[in-house]
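Here are some short exercises to help you get to know a new structure. Try each task yourself before reading its solution.

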Amino acid sequence: MTARSSTISSIFRYCLIDVIGNFLYWPLWWYSRGLQLVGIYILKAIQKTEADLGVRLMLVNMFQPMYGQNDREGRIISFVMRLVLLVSRLVVWLVVSLVWVAALGLWLMVPLVVVSRLISIFSWS
């Protein structure tokens, strides 16, 4: 008799504490720890995109001649070419960064939209 009541008690405790507790804790996690994890991930993704595109490397070597041509024409062509590459890579980096920021905005909006939709579905008026 005690083993059965102990099993029922543990099932009840599991349902009450774990399931309902996690359901109530979820919004707090979503906007605290979850937001922090997503923010760190997005920041690292933006930094990786910058490193992959080599924007900093382009800035450092902006006035260095390409292919070792030290004459005036070679320096001018190298500068213009690197300027075109820098601008195009900055545009790509900006677009990727804006997509990541939009993803962060979606992260913030999803629970609000879901809750408002559920309220509108189940409201009686």
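The exercises below deal with a predicted model, and each task is followed by a worked solution.

**Exercise 1. The nonpolar patch**

Task: Find which residues make the nonpolar surface patch of about 880 Å², then work out how Ile-20 is classed by its relative accessibility.

Solution:
- Step 1. Look for Phe-12, Tyr-14, Leu-16, Ile-17, Val-19, Ile-20, Phe-23 and Leu-24, which make up the patch.
- Step 2. Pick out Ile-20 and place it in helix α1, which covers residues 2-31.
- Step 3. The relative accessibility of Ile-20 is 41%, so this residue counts as partly exposed.

**Exercise 2. The largest pocket**

Task: Which residues line the largest pocket, and how do they divide into nonpolar, polar and charged?

Solution:
- Step 1. Start with the volume of the largest pocket, which is about 170 Å³.
- Step 2. Now list the lining: Phe-23, Leu-24, Trp-26, Pro-27, Tyr-31, Val-110, Pro-111, Val-114, Val-115 and Leu-118.
- Step 3. Helices α1 and α4 (72-122) are the elements that give two or more residues to this lining.
- Step 4. Sort the lining residues by kind: 10 are nonpolar, none is polar and none is charged.
- Step 5. Compare with the first exercise: Phe-23 and Leu-24 belong to the nonpolar patch and also to the lining of the largest pocket.

**Exercise 3. A distance across the model**

Task: What separation do the C-alpha atoms of Val-96 and Ile-11 have?

Solution:
- Step 1. Go to helix α4, where Val-96 is found.
- Step 2. With a relative accessibility of 25%, Val-96 counts as partly exposed.
- Step 3. Turn to Ile-11, which is 85 residues from Val-96 along the chain.
- Step 4. Between the C-alpha atoms of Val-96 and Ile-11 the separation is 48 Å.

**Exercise 4. Salt bridges**

Task: How many salt bridges are there, and are Arg-56 and Glu-50 buried or exposed?

Solution:
- Step 1. A salt bridge needs a side-chain nitrogen of Lys or Arg within 4 Å of a carboxyl oxygen of Asp or Glu, and the count comes to 2.
- Step 2. Lys-48 pairs with Asp-52, with the closest N and O atoms 2.8 Å apart.
- Step 3. These partners, Lys-48 and Asp-52, sit in helix α2 (residues 33-53), 4 residues apart, or about one turn of the helix. Both of them are exposed.
- Step 4. Arg-56 pairs with Glu-50, and here the closest N and O atoms are 3.4 Å apart.
- Step 5. Arg-56 has a relative accessible area of 58%, so Arg-56 is exposed. Glu-50, at 11% relative accessibility, counts as buried.

Definitions and conventions: Residues numbered from 1 in each chain as written. Predicted model: local features only at pLDDT ≥ 70, side-chain atom pairs only at ≥ 80, totals over all residues. Heavy atoms only, no water. Patch = residues over 30% accessible without salt bridge, like charges linked within 9 Å, V, L, I, M, F, W, Y side chains within 5 Å. Areas by Shrake-Rupley, 256 points an atom, 1.4 Å probe, with all protein chains shown as cover. Buried < 20%, exposed > 50% of the residue type's maximum accessible area, 1.4 Å probe, protein only. 1 Å grid on protein atoms, 1.4 Å probe; cavity = no way out; pocket = protein on both sides within 12 Å on 5 of 7 lines; lining within 4 Å. Points joined across faces, edges and corners; volume = space filled by probe spheres on them. Nonpolar A, V, L, I, M, F, W, Y, C, P; charged D, E, K, R; others polar.
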